[in-house]
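Here's a quick tour for anyone new to reading protein models. Have a look at the chain below, then go through the notes at your own pace.

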Amino acid sequence: MAEQEQKTVTFIITRQDSPDSAPYKETFNVPYKKNMNVISGLMEIRKNPVNAKGEKTSPVQWEMNCLEEVCGACSMVINGTARQSCAALVDELEQPIRLEPMATFPVERDLIVDRSRMFDALKRIKAWIPIDGTYDLGPGPRMPEKKRQWAYELSKCMTCGVCLEACPNVNDKSDFIGPAFLSLPRLYNAHPTGSMNKSERLNALMEDGGITGCGNSQNCVQVCPKGIPLTTSIAAMNRATNIQAFKNFFGSDNAH
């Protein structure tokens with residue numbers, strides 16, 4: 001029992017004090033607990049911010065919210081793979097555990113990154129269902145069960161950024177919006193009310209940085225923590241944007 005209490009977990013964390021400062025690595029040893037996840041380890045460091053050299057340091061900064069792999073806030077690179085730190089169990093990870101911020105996004109501090117580009121992309125593709133007023137409109141239009149089932153799978157996207165981190169086409173030399181934002185228009189266009197803005201979403205995907213930026217590497221579908229069929233959606237949006245392009249050319253946007 002005493003042996004188990006003395007067991008520790010080693011974290012090597014890539015830190016950065018500000019957006020403009022240079023990154024550096026700092027090592028921490030934290031007490032091991034059965035079934036602990038990476039967030040548990042970071043909480044231990046926050047409680048007692050002393051590094052492996054015994055030096056007092058500043059607490060490591062990171063983001064978290066739901067701790068149930070639903071919100072997407074705690075994304076980081078763990079042992080070289082972008083994933084949710086709340087779902088990363090220490091017992092399943094190779095040690096020492098290396099934590100880094102996602103490289104696709106600008107670093108704010110330590111493991112916190114600025115994901116503004118994702119929220120800008122949500123606005124670009126109109127990732128919402130418009131309604132007329134805030135009062136009770138009663139039950140909405142019904143969706144066929146088969147369509148509702150696959151639409152539900154697409155709705156699991158939590159804007160975590162993991163698919164953008166894995167995609168080689170999302171980088172500082174490209175304006176590609178990323179896999180998640182090629183899939184989400186399929187979700188909103190499938191909704192009976194959302195389909196009223198279908199052409200606007202498809203036209204947004206046909207702009208620079210849109211669907212033509214996808215290189216079909218398929219990394220996104222392999223890393224998505226929610227198992228969203230991203231490549232299936234991208235194929236569907238390829239077809240839909242081609243049809244939309246013909247409608248635009250012939251001026252027949254209302255044709256079916």
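What follows covers confidence, a surface patch and the cysteines.

This is a predicted model, so it helps to start with how sure the predictor is. Across the chain the mean pLDDT is 92, and 96% of the residues reach 70 or more.

**Confidence**
- Strand β5 (residues 97-100) has the highest mean pLDDT among the elements of the chain, at 98.
- At the other end sits helix α1 (residues 2-6), with the lowest mean pLDDT, 53.
- Where pLDDT is low, don't read the predicted coordinates in detail.

**A nonpolar patch on the surface**
- Three residues, I131, Y135 and L137, make up a nonpolar patch on the surface.
- Together they have about 340 Å² of accessible area.
- You'll find L137 in the loop between α3 (116-124) and α4 (145-154).
- L137 has 43% relative accessibility, so it counts as partly exposed.

**Cysteines**
- If you're hunting for disulfides, the structure holds zero.
- Take C74: it is in no disulfide, and the nearest cysteine sulfur, that of C86, is 3.7 Å away.
- A disulfide needs the two sulfur atoms within 2.5 Å, so the 3.7 Å between C74 and C86 doesn't qualify.
- C74 is also buried, with a relative accessible area of 4%.
- For C167, the closest cysteine sulfur belongs to C214, and at 6.6 Å that is too far for a bond.
- C167 counts as buried too, because its relative accessibility is 9%.

How values were computed. Residues are numbered from 1 along each chain as its sequence is written. This is a predicted model: local features need pLDDT of at least 70, side-chain atom pairs count only at pLDDT 80 or more; totals for chains, interfaces and linings use all residues. Side-chain values use heavy atoms; hydrogens and water are left out. pLDDT is the predictor's confidence in each residue, from 0 to 100. Helices (H or I, at least four residues) and strands (E, at least two) are DSSP runs, numbered from the N terminus. Patches are made of residues with over 30% relative accessible area and no salt bridge: like charges are joined within 9 Å, nonpolar side chains (Val, Leu, Ile, Met, Phe, Trp, Tyr) within 5 Å. Accessible areas come from the Shrake-Rupley method with a 1.4 Å probe; for residues, only the protein chains shown count as cover. A salt bridge is a side-chain nitrogen of Lys or Arg within 4 Å of a carboxyl oxygen of Asp or Glu. Buried means under 20% relative accessible area, exposed over 50%, partly exposed in between (1.4 Å probe, protein chains only).
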